[in-house]
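Student: I'd like a close look at one part of this structure, and then a walk through what surrounds it. Could you take it slowly and keep things connected?

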Amino acid sequence: MNFNEHSELAGKHSRLSPSNNSWVNYDADTLVQRRIGEIRKYMGTELHNFACGNIRAYESYDEENLDDVRKGFRNFMRGRYPLDQDKTAPLCYSALDNIRYIPDESWMSVAQFINDGCQYKMNSEQPLWYSDNAFGTADAISFYRNKLRIHDLKTGDIQAKMLQLEIYAALFCLEYRKQPDQIKIELAIYQFGEITKETADPKDIHDLMDLIVEDDRILNTMSLDGGNNDA
């Protein structure tokens, strides 16, 4: 038998996959909610790109007018995926259609995140590097007058934790040779239309710095062949 090649499926993944088969136990509502979750994850990436561009351009929004934020996002997507090009138009139309799945609270978080990023003149999507084993990208960060600010935008449904931001702070201190007990560190999470702020404990940041250094050392002692050095 000559099987169909389906070369157009290369690199794609099926939502009703035989290998990832948990969907067989879903009812219709669960299937829909899972799909909405996928859409919101994709849209979360685009919202981060949108927020990053606005912070870099110092373009803020009226937090009392979420329609203005949505309009700004639509314009951003039209610029990112031009409608007059065959390859990008479907991506733009898809994103514009998916706006309806983003709740008001997330749009509020986006506006708050952008506005504070502009106010504090923060760097957006800033890489922080200690080694090839230990690095990450902060959504927004600034260091001014001995005060480190790290802001994180979350558009998903799972409650975010400060640990991620504490690790960013540890990476910053390692890369720029700062002592946590000699600077002020303010961390903020933007999620569910609310801002959760916390002043980092210098000891916690110090402990994370030590852990990063030690774990990086351990990883660097491991060979690519799993420790077997026999020729």
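Student: By class, how many nonpolar, polar and charged residues does the lining of the second largest pocket have?

Tutor: Sure, and keep in mind throughout that this is a predicted model. By class, that lining breaks down into four nonpolar, six polar and four charged residues. The pocket itself, the second largest, has a volume of about 370 Å³. It is lined by 14 residues, and S14, R15, L16, N20 and E38 are the ones closest to its centre.

Now set that beside the largest pocket, whose volume is about 480 Å³. There, 19 residues form the lining, with R40, K41, G44, T155 and G156 closest to the centre. Sorted by class, the lining of the largest pocket comes out as three nonpolar, eight polar and eight charged residues. Three elements each put at least two residues into that lining: α1 (28-57), β3 (147-153) and α5 (163-176). Of these, α1 is the biggest contributor to the lining of the largest pocket, giving seven residues.

Let's follow α1 away from the pocket, then. It packs against α4 at an angle of about 25°, the two axes being 9 Å apart. That angle is why α1 counts as roughly parallel to α4. As for handedness, the crossing of α1 past α4 is right-handed. On the α1 side the contact uses R40, L47, F50, A51, N54 and I55, while α4 brings S106, W107, V110, F113, I114, G117 and C118. Split by class, the residues of this α1 and α4 contact are nine nonpolar, three polar and one charged. You've met R40 already: it is among the residues closest to the centre of the largest pocket, and it also belongs to the α1 side of the contact with α4.

From α4 (residues 104-119) you can step across to α2, as these two helices pack at about 75° with their axes 10 Å apart. With that angle, α2 and α4 are therefore roughly perpendicular to each other. L66, V69, R70 and F73 of α2 make the contact with D104, W107, M108, V110 and A111 of α4. By class, the α2 and α4 contact has seven nonpolar, no polar and two charged residues. Here W107 and V110 are worth clicking on: both of these α4 residues touch α2, and both are in the contact with α1 as well.

One more hop, along α2 (residues 66-80) to α3 (residues 89-98): their axes come within 9 Å and cross at roughly 165°. That makes α2 roughly antiparallel to α3. This crossing, of α2 and α3, is right-handed. The α2 residues R74, M77 and R78 meet C92, A95 and L96 of α3. In class terms, the contact of α2 with α3 has four nonpolar, no polar and two charged residues.

Finally, zoom out to see where these pieces sit. The chain has six helices and five strands. Along the sequence, they run in the pattern α-α-α-α-β-β-β-α-β-β-α. As for overall extent, the C-alpha atoms fill a box of roughly 65 × 65 × 35 Å along the principal axes.

Note on methods. Residues numbered from 1 in each chain as written. Predicted model: local features only at pLDDT ≥ 70, side-chain atom pairs only at ≥ 80, totals over all residues. Heavy atoms only, no water. Axes fitted to C-alpha atoms, helices over the stretch in contact; angles between N-to-C directions. Helix = DSSP H or I, 4+ residues; strand = E, 2+ residues; numbered from the N terminus. Parallel < 35°, antiparallel > 145°, perpendicular 65-115°, else oblique. Left-handed = near helix turned anticlockwise from the far one by under 90°. Contact = heavy atoms within 4.5 Å. Nonpolar A, V, L, I, M, F, W, Y, C, P; charged D, E, K, R; others polar. 1 Å grid on protein atoms, 1.4 Å probe; cavity = no way out; pocket = protein on both sides within 12 Å on 5 of 7 lines; lining within 4 Å. Points joined across faces, edges and corners; volume = space filled by probe spheres on them.
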